[in-house]
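Let's take a walk through this one together, from the surface inwards and back out again. Have a look at the sequence and the fold first.

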Amino acid sequence: MNLINVGFGNVVVAERIVAVILPSSSPARRLKDDAKEDGRLVDATQGRRTRSIIITDGSHVILSAVQVETLTQRLGVGQAPSGAAAR
């Protein structure tokens with residue numbers, strides 16, 4: 001089980017993350033509002049500005065103050081598998 005730091009000491013199980021999106025679009029805002037109404041919203045921003053929205057396989061929505069690019073680096077998305085030769 002890999003844990004990913006989503007800011008301020010808060011962690012999420014990496015295998016449960018389905019998507020990491022920018023919060024600036026209208027669909028992202030609607031997703032956040034719907035999750036809040038349904039009790040599926042987790043605010044991990046500690047009062048800071050929301051810079052990314054994490055969607056889990058359990059339909060929970062997590063707000064993070066960490067940039068999308070930083071989270072994808074922590075997840076290892078788009079990196080060559082370890083042991084693979086660089087071309």
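Which residues form a nonpolar patch on the surface, and with how much accessible area together? What you're looking at is a predicted model, by the way. The patch is made of M1, L3 and V11, which together put about 360 Å² of accessible area on show. V11 sits in strand β2, covering residues 10-13. With a relative accessibility of 47%, V11 falls into the partly exposed class.

Now step back for the overall layout. The chain has 2 helices and 6 strands, and reading from the N terminus they come in the order β-β-β-α-β-β-β-α. Of the 87 residues, 29% are buried. The chain exposes about 5,800 Å², with carbon and sulfur atoms supplying 48% of that area. As for how the chain folds back on itself, take the contacts with a separation of 6 or more: 48% of them are between residues 24 or more positions apart.

On to the inside. The largest nonpolar core counts 12 residues, namely I4, V6, V12, A14, I17, V20, A44, I54, I62, V66, V68 and L71. Strands β1 (3-7) and β3 (17-21) and helix α2 (68-75) are the elements giving two or more residues to this core. Apart from it there is another core, of 5 residues, including A35, I53, V61 and L63. Back in the 12-residue core, A14 is worth a click: leaving out neighbours within four places in sequence, A14 is in contact with N2, I4 and L75.

Strand β1 also holds G7. Is G7 buried or exposed? Its relative accessible area is 8%, and under 20% is the cut-off for buried, so G7 counts as buried. Ignoring residues up to four places away in sequence, G7 touches A44, V66 and R74. Of these contacts, A44 is a nice one to check in your viewer: G7 and A44 are 37 residues apart in sequence, yet their C-alpha atoms are 7.1 Å apart in space.

For another buried spot, go to T56 in strand β5, residues 52-56. T56 has a relative accessibility of 10%, so it counts as buried. Outside its neighbours within four places in sequence, T56 is in contact with R16, I17, V18 and I62. Two of those partners, I17 and I62, are members of the 12-residue core.

R16 brings us to the charges. Side chains of opposite charge can pair when their charged atoms come close. How many salt bridges does a search of the whole structure find? It turns up 2. In one of them, the side chains of R16 and D57 meet, with 2.6 Å from N to O. Because R16 is in the loop between β2 and β3 while D57 is in the loop between β5 and β6 (61-64), this pair ties together parts that are 41 residues apart in sequence. R16 is partly exposed at 44% relative accessible area, and D57 is partly exposed too, at 45%.

The other salt bridge joins R40 and D38, whose closest N and O atoms are 3.3 Å apart. R40 is partly exposed, with 22% relative accessible area, whereas D38 is exposed at 54%.

D38 is also where helix α1 (residues 26-38) stops, and that helix makes a quick sanity check. How far should its 13 residues span at 1.5 Å a residue? The expected span takes 1.5 Å times one less than the number of residues, so the helix should span 18 Å, and the end C-alpha atoms are indeed 18 Å apart. Just after α1, G39 takes a positive phi of about 75°.

Which residues have a positive phi although they are not glycines? F8 has one, at about 55°, and Q46 also has one at about 55°. F8 is found in the loop between β1 and β2, and Q46 in the loop between β4 (41-43) and β5. F8 counts as partly exposed at 44% relative accessibility, and Q46 as partly exposed at 48%.

Methods: Residues numbered from 1 in each chain as written. Predicted model: local features only at pLDDT ≥ 70, side-chain atom pairs only at ≥ 80, totals over all residues. Heavy atoms only, no water. Patch = residues over 30% accessible without salt bridge, like charges linked within 9 Å, V, L, I, M, F, W, Y side chains within 5 Å. Areas by Shrake-Rupley, 256 points an atom, 1.4 Å probe, with all protein chains shown as cover. Salt bridge = Lys/Arg side-chain N within 4 Å of Asp/Glu carboxyl O. Helix = DSSP H or I, 4+ residues; strand = E, 2+ residues; numbered from the N terminus. Buried < 20%, exposed > 50% of the residue type's maximum accessible area, 1.4 Å probe, protein only. Contact = heavy atoms within 4.5 Å. Core = buried A, V, L, I, M, F, W, Y, C linked by side-chain atoms within 4.5 Å.
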